[in-house]
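Visitor: I'd like to learn how to read a few features of a structure, starting with a single side chain. Can you walk me through it?

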Amino acid sequence: MDRHSDHEERANPQSTDAVSTILSIDEDNTALHDPCSELFVEPEPLAQLEGSLPKAEEDVCFPSVTPSQNTNEIEYKALSDFLDHGRFEPHQRKLSSSRKRSISDYSLYNEEPRFTFFSSKIGTLKAYNMSEIATEKTSTEDLLRGGDFWLDILSPSDSELKWLSKIFHIHPLTAEDIQAEETREKCESFKNYYFVNFQTFDTYEQFNMAEAYVENSVSLFNIIRKDSIISIHYRPTPHLQNVLNRIEHLKDYIHVTPDWINYALMDSVVDALIPLVENLEMESDSIDELVFILKESEQSHLLRRIGNARKAISGVLRLLKPKGDVVKGVIKRTGSTLSEHAKQGDDMSLYLGDVQDHILTMVQNASHFEKILSRAHSNYLTQISIEITQSSNRTNDVVAKLTAVASIIVPMNIITGLWGMNVHVPGQDATSLSWFYGLVGFLVFTFICGVAIMIKHRIM
């Protein structure tokens with residue numbers, strides 16, 4: 001056994017080096033350094049050390065096995081600590097150099113309530129901090145204990161996101177995607193929830209340029225638990241209020257569940273793209289007709305219109321194409337045993353299927369519009385090329401006619417030049433005009449012959 005252990009240690013000499021690289025102990029052995037989380041703690045037993053480290057940092061750097069616990073329950077002790085000490089600090093919001101947002105200053109929309117709480121029993125509550133979500137008779141903790149709630153959070157700080165991860169048992173990978181504002185749309189299943197990343201475009205009032213709609217995309221992060229849903233986004237969107245208005249209109253006919261709210265949010269995002277696709281349809285048809293109608297002097301801005309329309313369609317397709325797979329994944333998870341969110345009698349898969357149909361229809365339409373614009377672009381360039389060729393042909397025709405006339409006049413110039421020199425010429429001493437009329441007749445005959453030859457060969 002000893003020889004076998006020594007052999008394994010010699011065969012893998014990097015194992016001890018890797019451990020010493022991850023955890024370095026100072027000379028006095030009084031501090032433990034974790035380079036991933038950059039935390040300095042006193043040496044403690046492993047169980048106490050794991051309990052002291054933040055869960056997100058611990059799992060990302062050292063995915064260790066933690067004691068089994070009911071992750072469906074809310075960590076109320078952490079919630080109490082967060083309500084007592086957690087504060088919004090916008091300067092702690094970190095942006096990577098590779099992921100710059102067009103709106104990085106919270107002051108642009110700091111007048112809006114950042115936390116929105118909805119429950120069928122309580123209604124809608126809005127506040128600037130989570131500790132302010134309460135009623136005269138019910139505290140924040142009691143509201144969350146009631147279950148069946150929707151918590152929407154606008155632009156959480158890094159500190160708040162860590163607290164929320166601990167309170168609601170959010171996996172570190174999910175927290176990392178939210179913090180980095182992951183742009184790839186996806187649906188992922190975890191032990192106590194499933195996570196949906198859905199992209200929409202920015203309709204903030206400062207950005208009202210049609211061509212900029214699809215460029216300023218906004219990520220909606222939905223965490224759907226068994227009895228609650230948490231939605232997070234870093235810019236204001238109208239979809240939150242759209243869903244609340246829809247719930248108000250249908251409250252007597254539907255049972256609001258976390259899955260239904262997630263469906264309503266995705267449906268609102270997809271519906272917001274429908275007018276944009278319809279406008280692109282009208283623009284594509286208009287451009288396709290104008291290519292052959294406009295005169296040459298009126299086509300100066302047509303190429304720019306074609307370019308802007310194709311750019312907008314490319315952006316719409318970038319937003320639409322991943323959504324079909326996301327909705328398909330949500331349908332799979334709400335209808336499988338991996339998710340216990342869908343209750344008996346719910347036809348959630350039918351509603352999600354309707355959203356998927358809308359997405360596929362718009363993708364097909366946008367692809368068709370792209371083909372129309374591509375054809376119009378080719379026709380436009382072809383028409384320009386034809387006009388240039390026609391203009392060149394006209395120029396060549398004029399030059400050919402001028403060349404033919406010059407070819408006829410040159411021999412006449414030679415004859416008149418010879419008779420016009422100050423030297424002795426034939427007929428100079430003649431008293432009659434026979435030489436003059438003879439020369440004029442010869443020039444006329446030469447001109448008529450030249451013209452006849454040019455007409456015969458279709459030069460003139």
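Guide: Happy to. Start with Trp435, which lies in helix α13 (residues 434-456); helices here are DSSP runs of H or I with at least four residues, strands are runs of E with at least two, and both are numbered from the N terminus. Keep in mind that this is a predicted model, where local features need pLDDT of at least 70, side-chain atom pairs count only at pLDDT 80 or more, and totals for chains, interfaces and linings use all residues. Residues are numbered from 1 along each chain as its sequence is written, and side-chain values use heavy atoms, leaving out hydrogens and water.

Visitor: Is Trp435 buried, partly exposed or exposed?

Guide: Buried means under 20% relative accessible area, exposed means over 50%, and partly exposed is in between (1.4 Å probe, protein chains only). Trp435 has 41% relative accessibility, so it counts as partly exposed.

Visitor: Which residues make the nonpolar surface patch with Trp435?

Guide: A patch takes residues with over 30% relative accessible area and no salt bridge; nonpolar side chains (Val, Leu, Ile, Met, Phe, Trp, Tyr) are joined within 5 Å, like charges within 9 Å. The areas come from the Shrake-Rupley method with a 1.4 Å probe, and for residues only the protein chains shown count as cover. Here Val410, Ile414, Leu418, Trp419, Met421, Val423 and Trp435 make a patch of about 660 Å². Helix α12 (residues 348-419) gives the largest share, four residues.

Visitor: What about Ile359, buried or exposed?

Guide: Ile359 also belongs to helix α12, but at 1% relative accessibility it counts as buried. Its C-alpha is 7.0 Å in space from that of Val270, though the two are 89 residues apart in sequence.

Visitor: How many salt bridges are there?

Guide: The rule asks for a side-chain nitrogen of Lys or Arg within 4 Å of a carboxyl oxygen of Asp or Glu. That gives 12 salt bridges. One of them joins Lys186 and Asp177 at 2.6 Å, N to O, and both of these residues are buried. Asp177 and Lys186 are also linked with Glu188 in a network of salt bridges.

Visitor: Which parts does the salt bridge between Lys323 and Glu185 tie together?

Guide: The closest N and O atoms of Lys323 and Glu185 are 3.2 Å apart. Lys323 lies in helix α11 (residues 302-334) and Glu185 in the loop between α8 (172-179) and β7 (186-189), so the pair ties together parts that are 138 residues apart in sequence. Lys323 and Glu185 are buried as well. For contrast, take the salt bridge of Glu248 and Lys251 (3.0 Å, N to O): Glu248 is partly exposed at 48%, and Lys251 is partly exposed at 47%.

Visitor: Last one: how many cavities of 30 Å³ or more are there?

Guide: On a 1 Å grid over the protein atoms alone, a cavity is a set of points where a 1.4 Å probe fits but cannot get out, and lining residues have an atom within 4 Å of a point. Points are joined across faces, edges and corners, and the volume is the space filled by probe spheres set on them. The count is four cavities of 30 Å³ or more, and the largest has a volume of about 70 Å³. Its lining includes Asp152, Asn222, His233 and Leu265. The elements giving two or more residues to that lining are β9 (217-225), β10 (228-233) and α9 (239-250).

Terms used: 1 Å grid on protein atoms, 1.4 Å probe; cavity = no way out; pocket = protein on both sides within 12 Å on 5 of 7 lines; lining within 4 Å.
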